[in-house]
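Let's walk through this structure together, going from an annotated domain to the DNA, then to a chain pair and a single side chain. Please keep the sequence and the 3D view open as you read.

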4 protein chains.
Amino acid sequence: MATEKKQQLLDTALSLFVEQGIQATATAKIAKQANVATGTLFHHFANKQELVMTLYHEIKSDLGQAIDQPEANDDLHALVHHYWQRALQWAVDNPQKLQFLQQIANNPQFGISQQQEVMSSSMAFLIDVIKQGQQQGELASLPLDLVLNYCHYHYLATATLFVEQPELARQQAYQDGAFQMFWQGLAAIREQA
Amino acid sequence: MATEKKQQLLDTALSLFVEQGIQATATAKIAKQANVATGTLFHHFANKQELVMTLYHEIKSDLGQAIDQPEANDDLHALVHHYWQRALQWAVDNPQKLQFLQQIANNPQFGISQQQEVMSSSMAFLIDVIKQGQQQGELASLPLDLVLNYCHYHYLATATLFVEQPELARQQAYQDGAFQMFWQGLAAIREQA
Amino acid sequence: MATEKKQQLLDTALSLFVEQGIQATATAKIAKQANVATGTLFHHFANKQELVMTLYHEIKSDLGQAIDQPEANDDLHALVHHYWQRALQWAVDNPQKLQFLQQIANNPQFGISQQQEVMSSSMAFLIDVIKQGQQQGELASLPLDLVLNYCHYHYLATATLFVEQPELARQQAYQDGAFQMFWQGLAAIREQA
Amino acid sequence: MATEKKQQLLDTALSLFVEQGIQATATAKIAKQANVATGTLFHHFANKQELVMTLYHEIKSDLGQAIDQPEANDDLHALVHHYWQRALQWAVDNPQKLQFLQQIANNPQFGISQQQEVMSSSMAFLIDVIKQGQQQGELASLPLDLVLNYCHYHYLATATLFVEQPELARQQAYQDGAFQMFWQGLAAIREQA
DNA sequence: CATGAATGAGACTTCATTCAT
DNA sequence: CATGAATGAAGTCTCATTCAT
């Protein structure tokens with residue numbers, strides 16, 4: 001009950017932020033569209049910044065939960081594919097959340113460096129997968145931060161494309177092609193000829 | 001064409017935009033830091049939006065020029081590597097410009113969708129390279145827009161990493177690794193075993 | 001009469017009012033620091049103004065009681081000295097109350113003119129003393145309101161000094177000096193040489 | 001010219017502050033009554049606090065100039081009387097300024113301790129007069145701070161009385177009586193009997 | 001009596017933009 | 001071209017007060 005209006009505010013804020021931009025969205029507008037008084041917003045969030053940050057953490061945690069579910073699979077390729085699919089599905093299901101993350105990560109005012117913050121926590125498990133793959137010789141032995149950066153952006157690239165053009169997300173050729181590029185980029189180089 | 005003061009304004013604006021965010025930077029602050037009167041800014045730019053857009057086009061064109069220089073080379077791998085290096089070097093040399101592009105591309109208020117706008121022009125030539133590579137069988141035959149999207153983001157990924165941590169840009173392992181992943185992702189799949 | 005919570009509110013209010021100013025102190029802050037809910041404050045006081053006024057009257061009455069205790073003494077000088085000491089002691093013992101009185105008396109929003117209101121009641125007896133002294137020829141025969149005004153401010157002057165610098169209040173030279181000036185100011189002029 | 005609107009703002013602010021209290025006066029109201037846009041106020045003063053402080057310093061300096069004019073006179077009594085008259089005249093001529101000083105001095109939010117700040121500077125010369133009087137044996141040899149405090153408040157007492165009831169200021173009995181009390185309070189005690 | 005989420009008027013302040021000089 | 005004082009709409013945030021529980 002106490003949470004009802006707070007959640008309404010967060011939901012409305014997400015919509016407006018994505019439509020118009022964070023700074024361009026007035027707190028009064030958020031409150032009005034959430035059917036709540038101006039003061040109520042500031043009853044739940046000390047200031048606009050805190051509202052934005054709360055939203056950010058909520059979404060990050062949401063993404064983390066969507067991805068990081070136990071998956072028993074000893075085939076590395078299949079394992080990575082599972083994670084990849086889940087993460088992509090989350091983006092397709094929550095297009096606004098993805099757009100919000102992109103927006104906030106690129107605005108210096110929020111002090112969130114893209115790769116450091118956005119995914120680090122929700123991708124802790126990814127580190128293990130990569131290390132394991134490198135030891136087994138299936139993945140190229142490159143610096144971990146470089147590889148993580150690659151994963152992060154390649155995910156964003158595909159997710160953004162699929163969110164902006166949802167019809168692509170439904171075509172097998174695009175789904176397969178995207179993962180193929182992702183995996184090939186990570187894979188160890190095979191002896192050429 | 002650009003007066004001295006006009007260029008001063010553009011330079012100062014870029015710095016401030018990257019430090020504090022575009023919206024968070026007041027025109028008065030730009031003018032003051034450029035040692036120019038408030039009104040002068042509006043002599044050169046009809047409004048703030050125009051200042052931002054002028055900067056945007058200036059930077060886009062700057063990037064285009066840096067990359068798109070004729071390169072005679074019949075080896076596809078070597079050709080792509082050259083372009084890759086040039087583009088990356090530009091980012092390392094102009095960190096603020098890269099950050100500005102990222103910021104503007106992710107802010108809905110400017111109506112610039114990342115992949116559509118930012119690089120399209122400066123990467124027209126890239127399309128030819130990719131098509132050619134696919135015909136020759138060296139690159140995977142995937143949908144063009146998917147591949148361009150991949151190129152675009154992989155470039156941003158690497159450039160951002162190198163800009164945020166310049167010391168990495170100087171290590172061969174990182175330079176080579178980044179391009180290796182990029183190329184492998186694009187490359188045609190070889191028969192396994 | 002006053003509930004425990006009501007008194008807690010009054011005490012807390014006094015502290016905060018003196019520290020930050022009356023208007024600058026939010027009712028919510030008073031309630032919180034008094035370990036009471038926001039609404040509770042408005043159960044005990046119809047509005048903030050009433051809280052302020054209750055405090056004001058409580059303090060005025062407190063000061064009145066401290067001063068106006070019967071004192072049998074036919075020596076005028078000694079009698080006045082007794083009153084003076086009591087009033088001063090009250091201020092030293094209740095520095096915040098004195099400061100609150102000063103603050104409220106000088107804020108036009110509360111419509112309390114300093115000399116008219118603040119002390120009038122608690123100094124009713126003073127009028128008799130002065131009149132008597134003037135008749136006996138010991139005190140200068142000056143207009144009563146002028147003299148009362150003098151008494152009032154000279155008291156505030158000394159009390160404020162002693163409250164702001166408590167170490168002075170403990171030195172005999174300051175105590176004696178302050179009363180000496182007070183008394184001399186009131187006293188009838190003696191023939192010069 | 002540049003100062004015109006600024007001074008209008010200061011004048012209007014003084015009036016409103018004295019009528020309604022500083023905090024109770026909205027910046028918008030000041031601007032409107034000064035026939036100036038809201039933004040103009042903040043063009044001249046960074047914030048409300050700075051407006052208040054500017055006013056405060058202006059008034060303090062004004063009072064200082066009104067009092068501290070050279071006065072050749074070797075009779076101490078006459079000299080002090082001159083200063084006393086000037087200071088009092090200033091208050092009668094500038095009732096709002098006096099009231100503003102009283103208001104600000106008693107509001108903890110402005111951090112101005114009454115006796116320390118308000119007059120100290122404008123009464124530097126007073127210190128010399130007192131010291132001299134004490135050496136000559138005309139004034140009681142009491143601690144300097146105590147005496148200054150006495151002067152300060154006795155002045156405020158009389159000024160406030162005369163400002164609140166201007167008709168008194170015009171009666172010789174009140175003028176003479178006020179100074180008589182002031183002087184007697186300061187004067188050295190004569191041998192009794 | 002007590003609670004504290006909710007209210008909304010209104011305060012302070014910012015800022016893109018204009019315009020007389 | 002350049003200036004910077006002036007503008008006023010709009011934004012963020014505060015706070016006394018209410019009311020359902």
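Helices (H or I, at least four residues) and strands (E, at least two) are taken here as DSSP runs, numbered from the N terminus. With that in hand, start at residues 3-63 of chain A, a span that is 79% helix and 0% strand, with its end C-alpha atoms 21 Å apart. The unreviewed UniProt entry annotates these residues as "domain: HTH tetR-type"; UniProt positions are given in the numbering used here, feature names are shortened, and such annotations may be inferred rather than shown by experiment.

A word on what you are viewing: this is a predicted model, in which local features need pLDDT of at least 70 and side-chain atom pairs count only at pLDDT 80 or more, while totals for chains, interfaces and linings use all residues. Residues are numbered from 1 along each chain as its sequence is written, chains are lettered from A and ligands numbered from 1 in the order in which they are written, and side-chain values use heavy atoms, with hydrogens and water left out.

Now turn to DNA strand E. A residue is near the strand if one of its heavy atoms lies within 4 Å of it. Of the 30 residues around DNA strand E, those that come nearest are T40(A), H44(A), T27(B), T40(C) and T27(D). On the DNA side, sugar and phosphate make up 63% of the strand E atoms that come within 4 Å of the protein. Sorted by type, the surface residues are 8 nonpolar (Ala, Val, Leu, Ile, Met, Phe, Trp, Tyr, Cys and Pro), 4 charged (Asp, Glu, Lys and Arg) and 18 polar (the others, Gly among them).

Which strand E atom lies 2.9 Å from a backbone N or O atom of G39(C)? The partner of G39(C) is a base nitrogen. T40(C), by contrast, places a polar side-chain atom 2.7 Å from a phosphate oxygen of strand E. The largest share of this surface, 5 residues, comes from α3(C).

Next, look at how chains A and B meet. Here 45 residues of chain B are in contact (heavy atoms within 4.5 Å) with 45 residues of chain A. The area buried between the two chains, meaning the accessible area (1.4 Å probe) lost on being put together, summed over both, is about 3800 Å², and carbon and sulfur atoms give 59% of it.

Finally, find F179(A) in helix α11 (residues 172-186) of chain A. Leaving aside residues up to four places away in sequence, F179(A) touches H77(A), V80(A), H81(A) and W84(A). F179(A) and H81(A) are 98 residues apart along the chain, yet their C-alpha atoms are separated by 7.4 Å.

Notes
A polar contact is a pair of N or O atoms within 3.5 Å; within protein, one must be able to donate a hydrogen and the other to accept it, and residues adjacent in sequence count only if both atoms are side-chain atoms.
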